[in-house]
Amino acid sequence: MSTGSHCFHCGVPVENAARFCLEVDGKQAVVCSEGCRKVVQLIADRGLSEFYTFREGPADSAPDNPDQQGCWAGYDRPAVQQEFVTTDGTGTRRAHLLLEGVKCAACVWLIEAAMLAVPGVRRITVDPLTGRAELHWNPEQARLSELLAQLARLGYRPSPYTEDETDRAVVRERRMALKRLIVAGLGMMQVGSYAIGMYAGAFQGMDEDIAQFLRLISLLVATPVVFYSGAPFFTGAWRDLKVRRPGMDVPVAIAVGSAYGASVWNTLSGSGEGYFDSATMFVFFLSGARFLEMAGRHRALSLTGALARHLPQVATRVVDGRTETVGVLELQKNDLVLVDPGSVIPADGILSSDEARVDEAVLTGESVPVRKRRNETVVAGSINLVDAISIRVQRVGAETVLAQISHMVTGARDNKPRAMELADRVASWFVTGVLVVAVCVGFIWWQIAPERAFEIVLAVLVV
C-alpha cells in the first residue's frame with residue numbers, strides 16, 4: 001500500500017499529507033479529502049481492504065457528505081419507486097440502479113461483499129462494463145434510502161436506471177447482430193483456409209478425394225454462415241420485392257444465394273468450381289459494415305436517453321416554510337423548490353433567490369458558468385454551482401426545455417431529410433438497372449462462352 005503524496009483512494013495529489021491520514025492494515029495511508037477518508041475507513045472497518053490490492057486503478061474522488069448528496073429519503077416514496085423498482089411474488093423488491101465509479105471486477109467484489117452484509121439485502125448483481133446493478137432487498141428489514149446511502153458511502157453514487165422497451169430492443173438487436181457477425185467471421189476464416197488448400201492443390205496437384213473432402217467441409221461450414229448470418233439480407237430482399245421497391249439487399253441476396261447454390265450443386269455433382277469462400281467473405285464484410293452502421297444509430301438513440309436520465313428523480317419542495325422530498329413528477333406549477341449546491345435543477349422555473357451561478361453545459365455545450373439574477377429563467381438539467389437557491393416551478397417533465405431538446409433529437413433521427421428520400425428513390429432504380437445489366441451480361445456471355453457466364457454475372461452483382 002502506497003503512502004506517498006497521492007491519495008490512497010483516488011490517486012490525486014495531496015498537498016497537506018498530515019491533514020488526512022489513517023491506518024489501513026497496520027500501514028499509514030494518506031487521502032486527499034474527508035470524503036475519501038470516510039470511504040477508506042468504512043472499507044477497512046468491514047475487513048474489505050483487499051479491494052485496494054486487487055483493483056485495476058484509482059477510484060473516483062468521494063464527496064465529503066455522500067449521505068446528504070442526492071436526497072436519498074425521497075427514494076422511499078412509492079411515486080418515485082414505481083419508475084425503477086419491481087416486486088416479486090415473495091415480497092422481495094428489486095431496484096434497477098446505475099452506479100458511478102465502477103471500473104473493474106474488484107469494484108464489483110467490494111460492492112457485493114459490503115452490501116450483502118447489510119440486513120435486509122438478499123442479493124445484488126453489478127455489471128462492471130456498464131455500471132448497471134440490480135439490488136434485491138426485503139422492504140420490512142431495510143428502506144431503499146438506507147441502502148442507497150450505503151452504496152454512496154462506499155464511493156459508488158447510485159441513481160435509478162429506467163429501461164424502456166426501446167432500450168430492450170436495442171440490446172436485443174445488438175446481441176443478435178453480434179452473434180451473426182461472429183458466426184460469419186469464424187466461418188469465413190475456416191472456409192478461407194480450406195480454399196487456400198484447394199488453390200494450392202490446383203497448382204501443385206491434389207488427389208481428387210482430398211479436394212472433394214475439402215469442398216464438403218466447406219459446404220458444412222458455409223451453410224450456417226449463409227442461412228444464419230446472411231438471413232437479414234434474404235429477409236430484406238423479400239420485403240423489398242413484396243413492396244416492389246428493390247433495395248441493395250436484392251443484389252446481395254441474389255449474389256450470395258447464387259454463389260452458395262452453385263457451389264452446393266458443383267460439390268454434390270463432383271464437378272465445377274466452389275464459391276463458398278466468396279459467399280462467406282461477402283456475408284462477413286457486409287455484416288460488419290451493417291454492425292458499424294447499427295452502432296452509430298444506437299449512439300444517436302442513447303443521446304436522447306442520456307438527456308432524459310440527466311434529470312434527478314427527486315426534488316426538495318418548500319411548503320409553509322417546511323421542506324419535503326418529493327418525486328420530480330409530483331411537482332406542479334408555482335411550487336417552490338430548493339436546490340442544493342452541486343445538484344441538478346429538476347424543472348424549468350423562475351429564480352426566487354437573489355442570484356445564482358449555474359452550469360448549462362448539458363444544454364448549450366458551454367462550460368463557463370452563467371450568472372442568473374432574481375426573476376430570471378433557469379432550466380431543468382442545469383447544475384447549481386455555488387449556494388443553495390430556490391426556484392418557482394414553471395414547467396415539469398415533457399414541457400421542460402431539456403425534454404424538448406430530446407424530442408428534437410429523436411425527430412431528427414426518425415425523419416429522413418429530403419436528400420436521403422431522393423437517394424432512396426434513386427437507389428430502387430439503380431438496383432433495378434443493376435439487375436437488368438446482369439441479365440444482359442449473362443445473355444451475352446452465354447452466347448460467347450457459356451461456361452463463364454455464371455461467374456461473370458455473379459461478379460457484376462457483387463461489384
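## The chain as a whole

Let's start with contacts: counting those between residues at least 6 apart in sequence, 63% join residues at least 24 apart. Keep in mind that this is a predicted model. The chain has 463 residues, and 40% of them count as buried. Its secondary structure comes to 14 helices and 16 strands.

As for the outside, about 25400 Å² of the chain is exposed, with carbon and sulfur atoms supplying 57% of that area.

## Two nonpolar cores

In soluble globular proteins, nonpolar side chains tend to be buried together. Here, the largest nonpolar core takes in 53 residues, and those with the most contacts inside it are Leu-97, Leu-99, Ile-111, Leu-135, Leu-144 and Tyr-156. Helix H4 (residues 105-116) gives the largest share of this core, seven residues. Another core, of 22 residues, lies apart from it, and its members include Ala-184, Val-256, Ala-279 and Phe-282.

Tyr-156 is a handy place to look around in the largest core. Setting aside residues up to four places away in sequence, Tyr-156 touches Phe-51, Leu-99, Glu-100, Gly-101, Val-102, Cys-107, Leu-110, Ile-111 and Leu-151.

## Salt bridges across the sequence

Side chains of opposite charge can pair when their charged atoms come close. How many salt bridges does a search of the whole structure find? The search finds twelve. One of them joins Arg-94 and Glu-134, with the closest N and O atoms 3.9 Å apart. Arg-94 sits in strand S4 (residues 93-99) and Glu-134 in strand S6 (residues 132-137), so this pair ties together parts that are 40 residues apart in sequence. Arg-94 is partly exposed at 30% relative accessibility, and Glu-134 is partly exposed too, at 24%.

Next up is the salt bridge between the side chains of Arg-290 and Asp-249, at 2.5 Å from N to O. This pair links distant parts of the chain, with Arg-290 in helix H10 (residues 276-309) and Asp-249 in helix H9 (residues 249-269), 41 residues apart. Arg-290 counts as partly exposed at 33% relative accessibility, whereas Asp-249 is buried, with a relative accessible area of 9%. There is also a network of salt bridges that links Asp-76, Arg-143 and Glu-146.

## Around strand S16

Another salt bridge brings us to strand S16: Asp-348 pairs with Arg-395, and their closest N and O atoms are 3.3 Å apart. Again the pair links distant parts of the chain, since Asp-348 belongs to strand S11 (residues 348-351) and Arg-395 to strand S16, 47 residues apart. Is Asp-348 buried or exposed? Asp-348 counts as buried, at 0% relative accessibility. Its partner Arg-395 is partly exposed, with a relative accessible area of 31%.

Strand S16 (residues 389-395) also holds Ser-390. The relative accessible area of Ser-390 is 17%; the cut-off for buried is under 20%, so Ser-390 counts as buried. Which residues does Ser-390 contact, leaving aside its neighbours within four places in sequence? They are Leu-336, Val-337, Leu-338, Ile-350, Leu-351, Ser-352 and Ser-353.

## A three-stranded sheet

Strands S13, S12 and S15 make an open sheet in the order S13-S12-S15, with antiparallel pairing. Strand S13 (370-373) and strand S15 (383-384) are at the edges with a single partner strand each, so one side of each has no neighbour in the sheet.

Strand S12 (residues 355-359) pairs with S13 in the antiparallel sense over four bridges. To get your bearings there, find Ala-356, which stands opposite Lys-372 in S13.

## Helix H8

Helix H8 (residues 231-242) gives a quick check on geometry. Its twelve residues should span 16 Å at 1.5 Å a residue, and the end C-alpha atoms are 17 Å apart, which agrees. After H8 comes Arg-244, with a positive phi near 60°.

Which residues of H8 are buried? They are Ala-231, Phe-233, Gly-236, Ala-237 and Asp-240. As background, an α-helix has 3.6 residues a turn, so residues three or four places apart point the same way.

Note on methods
Residues are numbered from 1 along each chain as its sequence is written. This is a predicted model: local features need pLDDT of at least 70, side-chain atom pairs count only at pLDDT 80 or more; totals for chains, interfaces and linings use all residues. Side-chain values use heavy atoms; hydrogens and water are left out. Helices (H or I, at least four residues) and strands (E, at least two) are DSSP runs, numbered from the N terminus. The expected span of a helix is 1.5 Å times one less than its number of residues. Buried means under 20% relative accessible area, exposed over 50%, partly exposed in between (1.4 Å probe, protein chains only). Contact means heavy atoms within 4.5 Å. Accessible areas come from the Shrake-Rupley method with a 1.4 Å probe; for residues, only the protein chains shown count as cover. A salt bridge is a side-chain nitrogen of Lys or Arg within 4 Å of a carboxyl oxygen of Asp or Glu. Two strands pair if DSSP finds at least two bridges between them. A nonpolar core is a set of buried Ala, Val, Leu, Ile, Met, Phe, Trp, Tyr and Cys residues joined through side-chain atoms within 4.5 Å.
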